[in-house]
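Here is a short briefing to read alongside the model. Keep the viewer open and look up each residue as you go.

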Amino acid sequence: MDDLKLYEKNKNEIETLIHTVRIFSDDIGIEFGLDKCATITMIRGKLTGRGNIMLPNETEIHELEDNESYKYLRVMEADDIKQSEMKAKIRKEYIHSLMKELKSKLTAGNLITAINTWAVSLYRYGAGIIQWTKAELQQLDRRTWKLMTMHKGLYSRSDVDRVYVERDQKGRGLMSVEETVNYESHSLKKYTEGSPVEFIKTAGKIINTNSEDERQEYRNHQKTERKQNWNDKPMDGQHLRQTEDQAAKETWQWMKRGCLKRETESLIIAAQDQALRTNYRKAKIEKSTNDPKCRLCKQKDETVSHIVSKCSKIAQTEYKERLAFHREKVKLLWDFNVQTNKVIGARRPELILINKETKQCQVIDIAIPGDTRADSTV
Ligand SMILES: [Zn+2]
């Protein structure tokens, strides 16, 4: 038994009620935590001083002072819920928790899980009771975004929607504070309105959920909307659109597992979202230059996929690296002209693995295409 509230019409009746609770408490062997108990008297909704309540054993329950509040189920209350005090408190705890996680060395996926579990859940509690406005919640999501960017957990120009899309849907899986609070308010409303107890049912009617949707609808709606928004953006969604059909699930394991360093994951995502400042982006989005062409080959548009795997200039240098290494039993040759007795045109395979013991060779050809060209290359 904990967090018990007793209501009565007058002082005599409340004393009788306390006496009953006392008998029960004694029977089951628990004691009043008197320092945590408090009494208030209200007449027509206004706080009125009526003094402490004496208990039979000469101890007393003190009356709340004017600016004092008591905690009921972790929420500060007096004659009403202390909204602004609670908001300030939750906000402070949230930022404190967020900073702790950002300063850790967690991998990209674990960092997001930690933020969802420890920080965002602070808002989950009290949703529907604490009256957050839409603007307050959105402001907090923006603040989260800013702090994550400062600590390399996000790339500032990355797609806003993708961050909140779930990991198995190729997003980063962060939970938005606004959506979490709205969803929890829906849950509380659904639960209370379905109660057989009349006054709980009535309480459910005044819970504000910030949206017209039903609870599950709200969640589904948010999920599809986020992904759709991301998909629809010409630059940010291009990679998603181009790889939708061909990318096997295995291709996205790195994203689902989230075991990369947060900087690495942010950079890859930024490249996919075309958020890196290539000439193409500068010309088409930022309008800071007129020439979208590649600064090396000067022929094609300088997009991320061009730089990564299509540029004819880089093809001659960076994509290839001469390498041959020897182990006791095998030798690996790369970019090596094979001497042949007869004239053969194609005698420069990408890899030759020589087994020194069996004196056999394996010729290996490798392709590392951009994600969008995976099918045509195979
Ligand atoms: Zn180029």
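A salt bridge here is a side-chain nitrogen of Lys or Arg within 4 Å of a carboxyl oxygen of Asp or Glu. Arg162 and Asp273 make such a pair, with their closest N and O atoms 2.9 Å apart. Arg162 belongs to helix α5 (residues 160-164) and Asp273 to the loop between α11 (262-272) and α12 (279-286), so this contact ties together parts that are 111 residues apart in sequence. Please bear in mind that the model is predicted.

**Salt bridges**

- Across the whole structure, the search finds 16 salt bridges.
- Are Arg162 and Asp273 buried or exposed? Both residues of this pair are buried.
- Glu136 forms a salt bridge with Lys87, and the closest N and O atoms are 3.1 Å apart. This pair links distant parts of the chain, with Glu136 in helix α4 (residues 134-150) and Lys87 in helix α2 (residues 83-102), 49 residues apart.
- The two partners differ in cover: Glu136 has 23% relative accessibility and counts as partly exposed, whereas Lys87 has 11% and counts as buried. Buried means under 20% relative accessible area, and partly exposed lies between that and the exposed class, which is over 50%.
- Arg281 forms a salt bridge with Glu286, where the closest N and O atoms are 3.2 Å apart. Arg281 is buried, at a relative accessible area of 9%, while Glu286 is partly exposed, at 27% relative accessibility.
- Which residues are linked in a network of salt bridges? Asp159, Asp161, Glu179, Arg226 and Lys233 are.

**Aromatic rings**

- A pair of aromatic rings is described by the distance of the centres and the angle of the planes.
- The search of the whole structure finds three aromatic pairs. One of them joins Tyr94 and Tyr123 edge-to-face, at 5.3 Å centre to centre and with 90 degrees between the planes.
- Tyr94 sits in helix α2 and Tyr123 in helix α3 (residues 108-124), so the pair ties together parts that are 29 residues apart in sequence. Both Tyr94 and Tyr123 are buried.
- Tyr123 also pairs with Trp132: the ring centres are 4.8 Å apart and the planes stand at 40 degrees, so this pair is tilted.
- Ring pairs thus join Tyr94, Tyr123 and Trp132 into a cluster. Within this cluster, Tyr123 is buried at 1% relative accessibility, and Trp132 is buried with a relative accessible area of 7%.
- A charged side chain meets a ring elsewhere in the model: Arg219 lies over the face of Tyr183, at 3.7 Å from the ring centre.

**Strands β8, β9 and β10**

- Strand β8 (residues 330-334) is joined to β9 by five bridges, and the two run antiparallel. Leu333 has Ile352 in β9 as its bridge partner.
- Strand β9 (residues 351-355) is in turn joined to β10 by five bridges, again antiparallel. Leu353 has Gln362 in β10 as its bridge partner, and Asn355 stands opposite Gln360 in β10.
- How many residues lie between β9 and β10 in their hairpin? There are four, and Lys359 in the turn has a positive phi of about 55 degrees.
- β10 (residues 360-364) is hardly covered, as the count of buried residues among its five residues is zero.

**Nonpolar surface patch**

- Ile364, Ile366 and Ile368 make a nonpolar surface patch of about 280 Å².
- Where is Ile368 placed? Ile368 is in the loop between β10 and α15 (374-377), and at 74% relative accessibility Ile368 counts as exposed.

**A buried tryptophan in a loop**

- Trp252 is placed in the loop between α9 (238-243) and α10 (253-257). At 9% relative accessibility, Trp252 counts as buried.
- Trp252 and Gln169 are 83 residues apart in sequence, and their C-alpha atoms are 9.0 Å apart in space.

Key: Residues are numbered from 1 along each chain as its sequence is written. This is a predicted model: local features need pLDDT of at least 70, side-chain atom pairs count only at pLDDT 80 or more; totals for chains, interfaces and linings use all residues. Side-chain values use heavy atoms; hydrogens and water are left out. Buried means under 20% relative accessible area, exposed over 50%, partly exposed in between (1.4 Å probe, protein chains only). Two strands pair if DSSP finds at least two bridges between them. Patches are made of residues with over 30% relative accessible area and no salt bridge: like charges are joined within 9 Å, nonpolar side chains (Val, Leu, Ile, Met, Phe, Trp, Tyr) within 5 Å. Accessible areas come from the Shrake-Rupley method with a 1.4 Å probe; for residues, only the protein chains shown count as cover. Rings of Phe, Tyr and Trp (its six-membered ring) pair if their centres lie within 6.5 Å; planes under 30 degrees apart count as stacked, over 60 as edge-to-face and the rest as tilted. A charge sits over a ring if NZ of Lys or CZ of Arg is within 6 Å of the ring centre and within 35 degrees of the ring normal.
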